[in-house]
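I am opening a fresh notebook page for this one. Come along as I look things up, one entry at a time.

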Amino acid sequence: MTQKKVESTPEIATGGGGGDIGKSVNFGGGDGGDDDGDDDDYFDEFDDDDDGDEGGLFRRRMFLAELFDRKFVDAVLNEWQKTMLDLPAGLRQAYEMGLVSSAQMVKFLAINARPTTTRFISRALPQGLSRAFVGRMLADPSFLYRLLLEQAATVGCSVWWEVKTRKERIKEEWDLALINVLTVSACNAAAVWLLAPCRSYGNTFRFDLQNTLQKLPNNVFEMSYPLREFDLQKRIHSLFYKAAELSILGVATGTLQGSLSNFLAGKKKNRVSVTVPSITTNALGYGAFLGLYANLRYQLLCGFERAMSNHFDVIGVALFFGTAVRIMNVQLGERSRQVWLGVEADPLAQSDDLLAKAYNRPSEEAAAAKPASRWFISKDAIVSGLLGMKQHDSASDSPPPKARRKRIVRKKVAAS
């Protein structure tokens, strides 16, 4: 905020003497002509090999600390032609407490400056969810992109497995397949939402336990910020707290999905082509799958994405690696979910389909009624031997068997 005054005197070239610019000038005419007339004191001799060498596409990021000074935040507001009164209540309180950095203020104003999808979602949600959504966008501007990517990959993998497994039965069992797809999508959205990094300020609760849980990070690798200093103990507590939270959510979701699946499967006339677990098995399977396996996978995924964003300066490179890892993670999770729940194709239903096809084959009379094929085998077929000699069919050379004649037995009738 202060500016130093520096006094400088121009340098006069008094040496050289190589260039004669006039008889009346006694100080010489420059630098002797050995560097094409330029002065090294003001013009550096640049090397051609260093031009444009900034590390390329995979260059490392140069870290800049977040500025929480009130003067810098005010400068951002003035640039966007906003005042403190234009901010929402929660962000205004954090701004007055000095908990908002200039970078976070830029992200928030960029979201709300023009009609975008992010602004539409934040205004359409209730106040609590809207605040949580904006907090996640401030911590990670690509949160919405990653959430939509996870949903698209999850729905695609789940639908592909349902169609591949049920085959012709998909038209009859579309309701069961739809329930499975919606359940998997909801569980994936919950895991991504609960473990995403978030910036929250000024929320106070009545009980001390709620205030303690609020100060825990959403994932083990989340970055600390003012009033949210995450040490090793808090990160370990967060791991177990998120496991319990996801387990409870998985048990509730599995119970609802198991009840609907068993109810619809009971109304089917034929045997269902995919095994339907019991309600208890389904609830415990989803609870264990989300609390243990999915929690660990997405914790490591958040750490990987933070490492990529901190290492690479180009945002596209970090997003590319994060997208590839998330797609592989979804495929691995879909295959693991079937193992945890014990869901597979029912062999008895497949055997019933095979038996139905076998018994429904056309009869011999129907086959004989069909027109004969245009291709026929000649009666005098010639088969070439191993040595190239022509061999006639033995069946065609043999004479046809003689027809049997009925023996006529005549009985003599004695004349009486």
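Among contacts between residues at least 6 apart in sequence, what percentage join residues at least 24 apart? I looked it up for the chain and found 68%. A reminder to myself: this is a predicted model.

**Entry: the overall layout**
I went through the secondary structure next and noted 14 helices and two strands in the chain. Then I checked burial: the chain has 416 residues, and 32% of them count as buried. For the surface, I wrote down about 29,600 Å² exposed by the chain. Carbon and sulfur atoms supply 59% of that area.

**Entry: aromatic pairs**
I searched the whole structure for aromatic pairs, and six turned up. One of them is formed by Tyr-293 and Trp-340. I noted 6.0 Å from centre to centre and 35° between the planes, and the pair is tilted. Because planes under 30 degrees apart count as stacked and those over 60 as edge-to-face, the 35° of this pair falls in the tilted class.

Where do the two partners sit in the chain? I found Tyr-293 in helix 10 (residues 279-311) and Trp-340 in helix 11 (residues 315-341). They are 47 residues apart, so I marked the pair as a link between distant parts of the chain.

Are these two rings' residues buried or partly exposed? Tyr-293 is partly exposed, at a relative accessible area of 23%. Trp-340 is also partly exposed, with 37% relative accessibility.

**Entry: around Trp-193**
I also found a cluster here: ring pairs link Trp-193 with Phe-133 and Phe-143. Last, I looked at the face of Trp-193 and saw Arg-136 lying over it, 4.3 Å from the ring centre.

Technical notes
Residues numbered from 1 in each chain as written. Predicted model: local features only at pLDDT ≥ 70, side-chain atom pairs only at ≥ 80, totals over all residues. Heavy atoms only, no water. Helix = DSSP H or I, 4+ residues; strand = E, 2+ residues; numbered from the N terminus. Buried < 20%, exposed > 50% of the residue type's maximum accessible area, 1.4 Å probe, protein only. Contact = heavy atoms within 4.5 Å. Areas by Shrake-Rupley, 256 points an atom, 1.4 Å probe, with all protein chains shown as cover. Phe/Tyr/Trp six-rings, centres within 6.5 Å; stacked < 30°, edge-to-face > 60°. Lys NZ or Arg CZ within 6 Å of the ring centre and 35° of its normal.
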